[in-house]
Amino acid sequence: MKCYVVDAFTEKIFKGNPAAVCILDNWPSDTLMQQIAIENNLSETAFSVWNGHEYRLRWFTPGGEIDLCGHATLATAYVIMQHIDPDRKSVDFSTQSGLLTVTKKQDLFEMDMPAYHLTQIPVTEKMTEAIGFRPLEAWKGRDLVCILENENQVINAKPMEEKTKELDGLLLHLTAKGNEYDCVTRSFAFKLGVAEDPVCGSGHCHVIPLWTVKLQKNDLCAYQASKRSGILYCRMAGERVFIAGKAALYSINDLIIKENNKENK
């Protein structure tokens, strides 16, 4: 089994968010895909199978399968359009979150993704204790989004793992209005076995709808303020979030896995 490792939302390796990508003829078992994700020990490993007219796509974290992942979708599209089928200009993926289309636009790969519906919830002392700063606002979709006073708080925050796990939401996103960028965000996935997600595409399906309203603009340049950092070019269009970024290939590996571990699905 061939496995590509791609750094997404960057043009340089060792930046952005690394994802492992396996393009397959048939599905391995769920158990094997989970074992591979644990062994890779990246925030996500993507598995994709061509079904005759589109690619099916699934994402696994070290802690389990997830319903939506932006950076691994971008990484998978990059592998297909750069290494599997270089004549392609777009790729359709059938996923748990519906049909996702990625289009190549010069050196950018633009993803058409669903926006999460968010509900504002009260700010609590538990949030303040977990984050180290009191949020100005809190919003709940699949994940918990906490808006902080400024980008320095986002950059300097050191969320406490056990206290963060007690909060609502699958992931925790800290975000604030930026100085150089429209918004600055960090994402934490302690519940999935990932301390901090270097650049979170699905997180921006939460924060971009918020900042579109607050900044009164549909086109935003977003910065993920993780140690690796990353830049996302985003735009809102109705209930969809278009997120574009660059990608860089880090490695191509052969996984030594026996064929009898596979099962068709």
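**View 1. Just past the end of helix α6, at Gln-216.** Gln-216 comes right after α6 and has a positive phi, near 55°. Keep in mind that this is a predicted model. One residue to look for in this view is Lys-217, which sits in the loop between α6 and β15 (219-224). Lys-217 is partly exposed, with a relative accessible area of 33%.

**View 2. Helix α6, with its kink.** Helix α6 takes in residues 201-215. At 1.5 Å a residue, its 15 residues should span 21 Å, and the end C-alpha atoms are 20 Å apart, so the two values agree. The helix does have a bend, though: a kink of about 30° lies at Val-207, shortly before the proline Pro-209.

**View 3. What surrounds α6.** Twelve of the 15 residues of α6 are buried, so the rest of the structure largely encloses this helix. Among the buried ones are Gly-201, His-204, His-206 and Trp-211. Val-207 and Pro-209, from the kink, are on the buried list too. As a reminder for this view, an α-helix has 3.6 residues a turn, so residues three or four places apart point the same way.

**View 4. Cysteines without disulfides.** The disulfide count here is zero. Take Cys-69: the nearest cysteine sulfur belongs to Cys-200 and is 6.9 Å away, and Cys-69 is in no disulfide. With the cut-off at 2.5 Å, that pair doesn't qualify, because the sulfurs are 6.9 Å apart. Cys-69 is buried, at 4% relative accessible area. Cys-205 is in no disulfide either, and its nearest cysteine sulfur, from Cys-234, is 8.5 Å away. Cys-205 is buried, with a relative accessible area of 0%, and is one of the buried residues of α6.

**View 5. Asp-182 and Lys-217.** Here's one of the 19 salt bridges in the model. Asp-182 pairs with Lys-217, and their closest N and O atoms are 2.9 Å apart. The partners come from distant parts of the chain, 35 residues apart, with Asp-182 in the loop between β12 (172-177) and β13 (183-189). Asp-182 is buried, at 17% relative accessible area, while Lys-217 is partly exposed, at 33%.

**View 6. Glu-196 and Arg-186, strand to strand.** The salt bridge between Glu-196 and Arg-186 has its closest N and O atoms 2.9 Å apart. Glu-196 is in strand β14 (residues 194-197) and Arg-186 in strand β13, so the pair ties together parts ten residues apart in sequence. Glu-196 counts as partly exposed, at 23% relative accessibility, whereas Arg-186 counts as buried, at 8%. Side chains of opposite charge can pair when their charged atoms come close.

**View 7. Asp-107, Lys-246 and their network.** Asp-107 and Lys-246 meet through their side chains in a salt bridge of 3.2 Å, N to O. This one links distant parts of the chain: Asp-107 is in the loop between β7 (98-105) and β8 (108-114), and Lys-246, 139 residues apart from it, is in the loop between β17 (240-245) and β18 (247-254). Both count as partly exposed, Asp-107 at 43% relative accessibility and Lys-246 at 22%. Glu-11 comes in as well, since salt bridges with shared partners join Glu-11, Asp-107 and Lys-246 into one network.

**View 8. A nonpolar patch on the surface.** Ile-13, Phe-14 and Tyr-250 make up this patch, and together they have about 320 Å² of accessible area. Ile-13 is in the loop between β1 (2-8) and β2 (17-24), and counts as partly exposed, at 33% relative accessibility.

Note on methods. Residues numbered from 1 in each chain as written. Predicted model: local features only at pLDDT ≥ 70, side-chain atom pairs only at ≥ 80, totals over all residues. Heavy atoms only, no water. Patch = residues over 30% accessible without salt bridge, like charges linked within 9 Å, V, L, I, M, F, W, Y side chains within 5 Å. Areas by Shrake-Rupley, 256 points an atom, 1.4 Å probe, with all protein chains shown as cover. Salt bridge = Lys/Arg side-chain N within 4 Å of Asp/Glu carboxyl O. Helix = DSSP H or I, 4+ residues; strand = E, 2+ residues; numbered from the N terminus. Buried < 20%, exposed > 50% of the residue type's maximum accessible area, 1.4 Å probe, protein only. Expected span 1.5 Å × (residues − 1). Bend = angle between axes of the 7 residues up to and from the residue.
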